[in-house]
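Reader: Hello! I am new to this structure and would love a close look at one part of it. Could you walk me through how the helices pack, and then place that part among its surroundings?

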Amino acid sequence: MLINGLKALEYRGYDSAGIAVLNQQGFDICKELGKVSVLECRVQQAPPKGYCGIGHTRWATHGKPSEQNAHPHTSHGSIAVVHNGIIENHSLLREKLLANHYDFHSDTDTEIIAHLIHWQMSKGESFAQACLSAISQLEGAYALAITCASEPGRIIATRKGSPLIIGEGSGEYFVASDIPAILAEVEQYYYLEEGDVADLTADSCKIFDEQGRVVERVVNYV
């Protein structure tokens with residue numbers, strides 16, 4: 001499903017692709033420079049197994065095209081993130097994280113988000129609280145899908161300035177930046193509005209607006 005979704009978004013142009021699948025042992029991550037077909041071959045040779053997953057095709061903004069800079073990005077084996085957009089205050093946030101002894105393994109602004117969430121959790125916040133705390137520090141445009149190793153059946157997604165869609169299938173939920181990525185899998189879908197945060201599991205999806213209120217969005221049927 002992840003590979004098919006990435007194939008459906010190849011029209012956007014990209015330089016690398018990757019997926020992270022979460023199971024009881026942690027993240028199973030595959031990333032490749034170049035076409036989704038290269039990633040697909042690698043995945044076919046050693047198929048990852050797990051409860052949920054995220055994937056992304058990247059077009060270089062911060063950092064050159066490389067496997068190292070490909071998404072998803074992680075922090076301490078605990079958090080994995082995919083991100084469409086640009087974080088404008090990435091330099092300031094990177095300095096703050098370096099001062100708190102975080103090591104960076106890429107040149108991207110996305111890795112900063114993973115570390116911010118991990119840092120907030122290290123201070124005692126829950127996964128959901130840490131995501132909200134990290135998001136509040138971001139300036140720029142983003143569509144995010146975030147997973148946590150300690151909560152393997154859950155994805156938190158949010159958007160600001162970049163589109164994001166939630167799709168509902170049969171006993172499963174999907175999140176994507178454009179409808180072609182999930183059209184074959186869903187029965188209905190809805191667009192998140194600016195500042196929305198979605199908390200997804202296999203059988204539930206709660207959407208919160210920018211003020212933290214539970215909301216419903218207009219349903220579109222396939």
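Author: Happy to help; what follows starts with the helices and then moves on to the sheets. Please keep in mind that this is a predicted model.

Let's begin with helix α3, residues 90-99, and helix α4, residues 110-122. Their axes come within 10 Å and cross at roughly 45°. The two helices, α3 and α4, are therefore oblique to each other. The crossing in which α3 passes α4 is left-handed. If you would like to find the contact on your screen, look on the α3 side for H90, L93, R94, K96 and L97. These meet I112, H115, L116 and W119 on the α4 side. Sorted by class, the contact of α3 with α4 holds 5 nonpolar, 2 polar and 2 charged residues.

Now stay with α4 and turn to its other partner here, helix α5, which covers residues 127-135. The axes of α4 and α5 are 8 Å apart, and the helices pack at an angle of about 125°. With that angle, α4 is again oblique to its partner, α5. This time the crossing, α4 passing α5, is right-handed. From α4, the contact takes in L116, I117, Q120 and M121. From α5, F127, A130, C131, S133 and A134 take part. This contact of α4 with α5 divides into 7 nonpolar and 2 polar residues, with no charged ones. One residue to pick out is L116 of α4: it appears in the contact with α3, and it also appears in the contact with α5.

With the helices in view, we can look at the surroundings, beginning with a sheet that has a helix of its own. This is an open sheet of 3 strands, in the order β2-β1-β3, and its pairing is antiparallel. At its edges are β2 (26-33) and β3 (52-58), each pairing on one side only. From one strand to the next, the twist averages 10°. Helix α2, residues 36-45, packs on this sheet and touches β1, β2 and β3. The direction of α2 makes about 140° with that of β2. Within the sheet, 8 bridges join β1 (residues 16-23) to β2. For an example of such a pair, look at A20, whose bridge partner in β2 is I29.

Another open sheet has 4 strands, ordered β9-β8-β10-β14, also with antiparallel pairing. Its edge strands are β9 (173-176) and β14, and each of them pairs on one side only. Going across the sheet, β8 and β9 pair over 4 bridges, with I165 opposite A176 in β9. Next, 4 bridges join β8 (residues 165-168) to β10 (residues 188-191), and here I166 stands opposite Y190 in β10. Finally, 2 bridges join β10 to β14 (residues 220-221), where Q188 has Y221 of β14 as its bridge partner.

Let's finish with a link between side chains. A search of the whole structure finds 10 salt bridges. One of them joins R154 and D199, whose closest N and O atoms are 2.5 Å apart. R154 lies in strand β7 (residues 151-160) and D199 in strand β11 (residues 197-200), so this pair ties together parts that are 45 residues apart in sequence.

Notes:
Residues numbered from 1 in each chain as written. Predicted model: local features only at pLDDT ≥ 70, side-chain atom pairs only at ≥ 80, totals over all residues. Heavy atoms only, no water. Pairing = 2+ DSSP bridges. Axes fitted to C-alpha atoms, helices over the stretch in contact; angles between N-to-C directions. Contact = heavy atoms within 4.5 Å. Parallel < 35°, antiparallel > 145°, perpendicular 65-115°, else oblique. Left-handed = near helix turned anticlockwise from the far one by under 90°. Nonpolar A, V, L, I, M, F, W, Y, C, P; charged D, E, K, R; others polar. Salt bridge = Lys/Arg side-chain N within 4 Å of Asp/Glu carboxyl O.
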